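Subject: Structure handover

Hello,

Here is the structure I promised to pass on. Please open it first, then read my notes below.

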Amino acid sequence: MGLYPEIEPYEHGMLDVGDGNEIYWETCGNPAGKPAVVLHGGPGSGVTPGYRRYFDPAAYRIVLLDQRGCGRSTPHASEPSTDLSVNTTAHLIADLELLREHLGIERWLVWGASWGSVLGLRYAELYPSRVTEMVLTCLATGSQAEVDVMTRGLGRIFPEAWQEFMDGVPDPDPATGYAKLLASDDPAVRERAARAWCDWETAAIPAPPRSIPRYEDPDFRMAFARIVTHYWSQGHFLGDDGVILREADALKGIPGAVIQGGLDFGNLVGTPWRLAAAWPDAELTLVDEVGHDASGSADLLVAATDRFVAGRREAGEA
């Protein structure tokens with residue numbers, strides 16, 4: 001099957017969401033098509049053109065956005081003066097609602113990868129009437145157990161890289177320690193911390209090639225490291241550890257497709273199976289030999305969006 005061909009936006013802009021922030025958004029595909037919103041990972045990764053290709057451009061109105069502080073949104077978190085106190089899960093959820101209203105969309109499919117799955121799940125729990133379906137991959141729920149796996153547990157699997165990662169931080173909690181280093185007044189300290197954080201994330205990929213080209217961009221590296229440590233050190237600003245799974249009953253009636261790599265390290269704490277048990281309307285599919293990588297599940301992700309738009313046609317929706 002493969003991805004759909006590359007396309008360009010037919011509309012884009014900057015939306016003032018308050019607190020001095022403007023978020024970049026774009027719409028692609030069919031203006032009269034089924035609305036879908038794409039939530040990128042990180043937090044702080046930003047969207048890339050490849051996300052557009054998981055949807056049939058003749059059938060979908062595809063909405064993509066760069067969340068606060070990253071991508072083309074402003075101010076950019078690579079600038080040390082950018083205030084991250086107004087970059088929380090609650091702010092991002094409010095931004096989604098502002099964007100939905102700005103675009104005149106009543107309900108949309110939510111597509112999320114990694115952190116985008118955390119954000120999408122919490123958004124759907126709080127605004128279930130606004131969500132038609134969900135497609136999630138590289139699944140996470142924002143739990144402390146998931147963060148502990150990534151920052152401590154994988155040290156047993158990648159001991160040399162993990163030791164280098166820990167040598168760079170004076171705090172026993174890596175996310176908190178690196179967040180402090182990234183807030184340093186010394187630019188050299190900030191840059192070393194950003195490099196060390198991204199080097200660890202690269203090393204913790206479970207299969208070769210262990211290379212993430214975006215981490216070679218110093219602005220991307222700094223913004224990503226600042227935002228992800230900001231969220232991870234604060235429990236993803238969810239207020240209560242495990243809240244997404246505990247409140248999954250709010251997802252009742254929302255069809256979902258969870259496409260998860262069999263080698264994704266989030267599986268070590270049982271995240272996909274726990275969510276599937278709490279959300280019976282979702283179908284969990286495991287993909288052998290794929291880790292935390294949406295591209296490795298491309299065929300199944302496309303099949304999921306195709307299936308949901310086919311259901312729309314069968315229901316006689318415009």
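Which exposed residues does the face of helix 9 turned away from its buried side carry? They are Arg274 and Ala277. Before you look further, keep in mind that this is a predicted model.

Helix 9

The other side of helix 9 holds the buried residues Thr271, Pro272 and Leu275. Seen down the helix axis, these residues fall within an arc of 95°, so they line one face of helix 9. In general, an α-helix has 3.6 residues a turn, so residues three or four places apart point the same way. The buried residues of helix 9 have several packing partners. Three are helices: helix 2 (115-126), helix 3 and helix 8 (243-246). The others are strand 7 and strand 8 (282-287).

The whole chain

Now step back. The protein chain has 10 helices and 8 strands. Its radius of gyration is 19 Å, and the globule rule gives 20 Å for 318 residues, so the chain is as compact as a globular protein of that length. Along the principal axes, the C-alpha atoms fill a box of roughly 60 × 40 × 35 Å. Of the 318 residues, 55% count as buried. Take the contacts between residues at least 6 apart in sequence: 73% of them join residues at least 24 apart.

Nonpolar cores

The largest nonpolar core has 71 residues. Within this core, Leu121, Met134, Trp197 and Trp279 touch the most other members. Helix 7 (residues 218-232) supplies the largest share, 9 residues. A second, separate core has 29 residues, including Ala36, Phe55, Tyr60 and Val135.

Trp279 is a good place to zoom in. Leaving out residues up to four places away in sequence, Trp279 touches Leu121, Met134, Leu136, Leu251, Ile254, Pro255, Gly256 and Val258.

Aromatic rings

A search of the whole structure finds 16 aromatic pairs. One of them joins Phe158 and Phe265. Their ring centres are 6.1 Å apart and their planes stand at 80°, so the pair is edge-to-face. Phe158 lies in the loop between helix 3 (144-151) and helix 4 (159-167), and Phe265 in the loop between strand 7 (256-261) and helix 9 (271-278), so the pair ties together parts that are 107 residues apart in sequence. Both Phe158 and Phe265 are buried.

Ring pairs also link Tyr51, Tyr54, Phe55, Tyr60 and Trp111 into a cluster. Elsewhere, a charge meets a ring. The charged end of Arg307 sits over the ring of Phe308, 5.3 Å from the ring centre.

Two polar residues

Gln67 is found in the loop between strand 4 (60-65) and helix 1 (89-102). Is Gln67 buried or exposed? Its relative accessibility is 4%, so Gln67 counts as buried. Apart from residues up to four places away in sequence, Gln67 touches Leu39, His40, Ser73, Leu92, Trp115 and Leu119.

Glu11 lies in strand 1 (residues 11-18). At 36% relative accessibility, Glu11 counts as partly exposed. With the same sequence neighbours left out, Glu11 touches Trp25, Glu26 and Thr27. Glu11 and Val118 are 107 residues apart in sequence and 27 Å apart in space, C-alpha to C-alpha.

Best wishes

Conventions
Residues are numbered from 1 along each chain as its sequence is written. This is a predicted model: local features need pLDDT of at least 70, side-chain atom pairs count only at pLDDT 80 or more; totals for chains, interfaces and linings use all residues. Side-chain values use heavy atoms; hydrogens and water are left out. Rings of Phe, Tyr and Trp (its six-membered ring) pair if their centres lie within 6.5 Å; planes under 30 degrees apart count as stacked, over 60 as edge-to-face and the rest as tilted. Helices (H or I, at least four residues) and strands (E, at least two) are DSSP runs, numbered from the N terminus. Buried means under 20% relative accessible area, exposed over 50%, partly exposed in between (1.4 Å probe, protein chains only). A charge sits over a ring if NZ of Lys or CZ of Arg is within 6 Å of the ring centre and within 35 degrees of the ring normal. Contact means heavy atoms within 4.5 Å. A nonpolar core is a set of buried Ala, Val, Leu, Ile, Met, Phe, Trp, Tyr and Cys residues joined through side-chain atoms within 4.5 Å. The arc is that of the directions from the helix axis to the C-beta atoms. The radius of gyration is taken over C-alpha atoms; the globule rule is 2.2 Å times the number of residues to the power 0.38.
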